[in-house]
Amino acid sequence: MADVFSIIPAAVLRNLSDKLYEKRKNAALEVEGIVKQLAVAGEHDKIAAVINLLVNEFTNSPQANHRKGGLIGLAAATVGLTSEAAQHLEQIVPPVLNSFSDQDSRVRYYACEALYNIAKVVRGDFIVFFNQIFDALCKLSADSDANVQSAAHLLDRLVKDIVTESDQFSIEEFIPLLRERMNVLNPYVRQFLVGWITVLDSVPDIDMLGFLPDFLDGLFNMLSDSSHEIRQQADSALSEFLTEIKNSPSVDYGRMAEILVQRAASQDEFTRLTAITWINEFVKLGGDQLVPYYADILGAILPCISDKEEKIRVVARETNEELRAIKADPAEGFDVGAILSVARRHLSTEWEATRIEALHWIYTLLNRHRTEVLAFLNDVFDTLLKALSDPSDEVVLLVLEVHACIAKDPHHFHQLVVFLVHNFRVDNSLLERRGALIIRRLCVLLDAERVYRELSTILEGESDLDFASIMVQALNLILLTSSELSGLRDLLKQSLVTAAGKDLFLSLYASWCHSPMAIISLCLLAQTYQHASSVVQSLVEEDINVKFLVQLDKLIHLLETPTFAYLRLQLLEPGKYIWLLKALYGLLMLLPQQSASFKILRTRLKTVPPYSFSGEQLRMASSGIPYSLMNYTGSGSQISEDGDMHDDLQNPHNGINFASRLQQFDQIQQQHRMHAKTQTQSRYSSTSSTKEVQRLEEPKRPSAAQELSRPPSRSLRRGPGQLQL
């Protein structure tokens, strides 16, 4: 140490720690001159001793003025060394960097000033300390003292200049530090980081794009900063990188796609818009690289389709169309199951537009990769069935298209109808609100006859008699009123003529027996009028209740619609269609005389021309002479039902055994009667005497006649896709 003091006069050392800046500055100039002479003489050991003195006695001193003097002295020594300073930087730079965290703001300021002067001298040799300097500057950029911040900014600009002109800078060593700092929330630090990213990206020899996945999330995080300036800087940097991506032949789309997917769900609108814009470009540019990430990308796009911000919705829809247009193959890593899972998950979202697009995806996958989708059918089938209860008609129609696509196979078709009937059973409101819409659409997509045959087969063995009755009534109403089922109605009209008509009639008959009015409607549609009359006359007292009369009321009104125009025209020939007349009069006799339906039917029957009856026909019809004798003609021909001529005496009913059918109807109705009686007894046995008294005190229930006296339009009024059961 004595040697050092002999090198630097005591007065210089004393002034170096003086409280006055001017004295410290003059002392530093003395140190600079001394070091310069030693450097010329090549006495680097003495130079090292001087530096050690400045470090140990000054920069590490507990006295602030000593620390200030030590910093200015180290800078002066570096200036004195000039080109030979590089070999002493390991001694000079670390103590200066340590001073950046000094508690005294003036010391931190002088540390910035010292390092600035050191950097000016050594330039490129300075790069070896870049990470430590960057870390220190990062902290100083958020310093509480404005003067320190200002000094740090000057030093920062100098360091940027040095880095951009240096060929020794290692981006690989720097990126881990940058990635770590990108999560800092301080606005000054964020500005500092974006500034460095922009500068480094502008250097041709530095491949920042290759390391973009390491700090991309941090940049996106800055888009939601409260400072407009920071958001703008981050957006500008991202825009520049996106431009580079478009022009680059080699980009790591996969890692960045993962980040973008997360950011597309951000609470911040600007972040979501930027993320979905990037995803849009990636879908266009990524090609095969993005195939493994399609499911994640779809999961990000679907919610954005329903975003409250229109710009986001537009970009999301465009991206969705672009993604769906790509025909990837499972052999290339296209995960059908993952995409199907994403679409299924979004079927439960509250946003209608998202649910619709999710269904479009399932439908697209079914058309392109049917085998793979059917392998995952158990995972999505229940969700698709629940979607039939969706409040949106558009969603329901799309779900039906998906179901119809699945049901191309007989097994899946049967499974669909079974599940559909089950859903109607457990959710009566679904049948009421959506029944007509669902059944009609399925008839269009899957062939009406096939749908009705399958439904009839299932309902024939239905154990819940109440549900079977309600379901048959609904199907019957759809059959009689829907334009989509006109072909089915035309086929039923041929029940006594063609084998196909007969087969359909018999297929529906068994399940239609669950509802007397449905079976009567079926007979009128099939023009089996004598059997319709027989069914009417087979009804007993228990059958004619309020529900029956309400159904009868609907049928009477339906008889006035175009569906039954052929029937009304047949009334012009009562002699030929005498059993039709008898069936209609039978229905008239069951209606309360004060009801609107009674008046409608009676008015219609009054218009029947009387001149077509022969006395013999009237006598035989009223006497109950058997059908086969009444319709037998002397020429050896037989008139089937109501006047159609058949030469085959052995097959007057096209092979239909109506006696057996009537017996079948009676048996099923007997089951309904026993069921109703059991329910009544059960209710009666569970009713206490107190409740019985309360029941007697309640207002009297309207009679059946009063129920039917309501305006006819009200009984048939229903919304789209709804049934009045």
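Here are some short exercises with worked solutions on the predicted model shown above.

**Exercise 1. The chain as a whole**

Describe the make-up of the chain: its helices and strands, its buried share, its surface and its contacts.

Solution.
- Step 1: start with the secondary structure. The chain has 40 helices and 2 strands.
- Step 2: turn to burial. Of the 725 residues, 52% are buried.
- Step 3: look at the surface. The accessible surface is about 33,300 Å², and carbon and sulfur atoms account for 49% of that area.
- Step 4: check the contacts. Taking contacts between residues at least 6 apart in sequence, 71% join residues at least 24 apart.

**Exercise 2. A salt bridge from a loop to a helix**

Find the acidic partner of R123 and work out which parts of the chain the pair ties together.

Solution.
- Step 1: find the partner. The side chain of R123 meets that of E165 in a salt bridge, with 2.9 Å from N to O. The cut-off for a salt bridge is 4 Å, so this pair qualifies.
- Step 2: place both ends. R123 is in the loop between α7 (105–122) and α8 (130–140), while E165 belongs to helix α9 (residues 146–165), so the salt bridge ties together parts 42 residues apart in sequence.
- Step 3: compare with the solvent. R123 is partly exposed at 28% relative accessible area, and E165 is exposed at 52%.

**Exercise 3. Two bridges between helices**

For R255 and for K284, name the salt-bridge partner, then say which helices are linked and whether each residue is buried or exposed.

Solution.
- Step 1: take R255. Its salt bridge is with D214, and the closest N and O atoms are 3.4 Å apart. The pair links helix α14 (residues 253–263), which holds R255, to helix α12 (residues 212–222), which holds D214; the two residues are 41 residues apart.
- Step 2: assign exposure. R255 has a relative accessible area of 38% and is partly exposed. D214 has 16%, so it falls under the 20% limit and counts as buried.
- Step 3: take K284. Its side chain forms a salt bridge with that of E318, at 3.1 Å from N to O. K284 sits in helix α15 (residues 269–285) and E318 in helix α17, 34 residues apart.
- Step 4: assign exposure again. K284 is partly exposed at 39%, and E318 is also partly exposed, at 37%.
- Step 5: widen the view. The count of salt bridges comes to 31, and D135, K139, E180 and R181 are linked in a network of them.

**Exercise 4. A negative patch**

Which residues form a negative surface patch, and where does E332 lie?

Solution.
- Step 1: list the members. The patch is formed by D288, D329, E332 and E372.
- Step 2: place E332. This residue lies in the loop between α17 (310–325) and α18 (336–346).
- Step 3: check its exposure. E332 has 51% relative accessibility, which is over the 50% limit, so it counts as exposed.

**Exercise 5. Surroundings of H403 and F270**

Set out the location, exposure and contacts of H403, then do the same for F270.

Solution.
- Step 1: locate H403. It is in helix α22 (residues 393–406) and is buried, with a relative accessible area of 1%.
- Step 2: list what H403 touches. Not counting residues up to four places away in sequence, H403 touches F381, L384, L385, L388 and L416. Its C-alpha is 8.6 Å from that of L442, a residue 39 places away in sequence.
- Step 3: locate F270. It is in helix α15 and is partly exposed at 30%.
- Step 4: list its contacts. Leaving aside neighbours within four places in sequence, F270 is in contact with L223, R231 and D235. The C-alpha atoms of F270 and S224 are separated by 7.1 Å, with their positions 46 residues apart along the chain.

**Exercise 6. Positive phi angles**

Work out where D447 and Q527 lie and what phi value each has.

Solution.
- Step 1: take D447. Its phi is near 85 degrees, a positive value in a residue other than glycine. D447 lies in the loop between α24 (428–446) and α25 (448–460) and is partly exposed at 44%.
- Step 2: take Q527. Its phi, near 65 degrees, is also positive. Q527 lies in the loop between α29 (516–526) and α30 (529–538) and counts as buried at 17%.

Notes:
Residues numbered from 1 in each chain as written. Predicted model: local features only at pLDDT ≥ 70, side-chain atom pairs only at ≥ 80, totals over all residues. Heavy atoms only, no water. Patch = residues over 30% accessible without salt bridge, like charges linked within 9 Å, V, L, I, M, F, W, Y side chains within 5 Å. Areas by Shrake-Rupley, 256 points an atom, 1.4 Å probe, with all protein chains shown as cover. Lys, Arg positive; Asp, Glu negative; His and termini not counted. Charge placed at Lys NZ, Arg CZ, Asp CG, Glu CD. Helix = DSSP H or I, 4+ residues; strand = E, 2+ residues; numbered from the N terminus. Buried < 20%, exposed > 50% of the residue type's maximum accessible area, 1.4 Å probe, protein only. Contact = heavy atoms within 4.5 Å.
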